[in-house]
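Here is a short briefing on a protein model, covering surface patches and cysteines. Look at the structure first, then read the points below.

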Amino acid sequence: FRGDNTDGSSGEALWVELRIKKGMITLLGVYNRPPNSQQESEEQMCQDFADSCRLNKVVVLGDFNFLNIDWENHSVKGLDAVQFLKNVQESFLKQYVEAPT
């Protein structure tokens, strides 16, 4: 997804299909979600995750800017990022960086 809001609240994503072995495909997704992103950007990103993870092996990298997610306890402080965390869990994705960078 790529939004074009003039206030810098849009996000960007790039998906690449990697053919590692005969018949095996891995999708590589790279995201940049600005901290002031709109709700629609989060919803589109979550839909991208769900669609991509449904039938593929997936690696997702990026800066999601959800500072209120507690990755150790798999919880969210507040309402922002609830859908994102739920989608990560339902897509069986694993967060490896557990502190702000």
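In this predicted model, a nonpolar patch lies on the surface and is formed by Leu14, Val16, Leu18, Ile20, Val30, Val59 and Leu61. Together these residues have about 570 Å² of accessible area. The cysteines, Cys46 and Cys53, are a separate topic, treated after the patch.

**Nonpolar surface patch**

- Two elements give two or more residues each to the patch: strand S1 (12-21) and strand S3 (57-63).
- Strand S1 makes the biggest contribution, with 4 residues.
- Ile20 is one of the patch residues, and its place is in strand S1.
- Ile20 counts as exposed because its relative accessibility is 60%, and the cut-off for exposed is over 50%.

**Cysteines and disulfides**

- A disulfide is a covalent bond between the sulfur atoms of two cysteines.
- How many disulfides does the model have? The count comes to 0.
- Why does Cys46 form no such bond with Cys53? The closest cysteine sulfur to that of Cys46 is in Cys53, and it is 11 Å away, which is too far for a bond. The pair would have to lie within 2.5 Å to count.
- Seen from the other side, the sulfur of Cys53 has its closest cysteine sulfur in Cys46, again at 11 Å and too far for a bond.

**Burial of the cysteines**

- Is Cys46 buried or exposed? Cys46 is buried, because its relative accessible area is 4% and the limit for buried is under 20%.
- Cys53 also counts as buried, at 17% relative accessibility.

Notes
Residues numbered from 1 in each chain as written. Predicted model: local features only at pLDDT ≥ 70, side-chain atom pairs only at ≥ 80, totals over all residues. Heavy atoms only, no water. Buried < 20%, exposed > 50% of the residue type's maximum accessible area, 1.4 Å probe, protein only. Patch = residues over 30% accessible without salt bridge, like charges linked within 9 Å, V, L, I, M, F, W, Y side chains within 5 Å. Areas by Shrake-Rupley, 256 points an atom, 1.4 Å probe, with all protein chains shown as cover. Salt bridge = Lys/Arg side-chain N within 4 Å of Asp/Glu carboxyl O.
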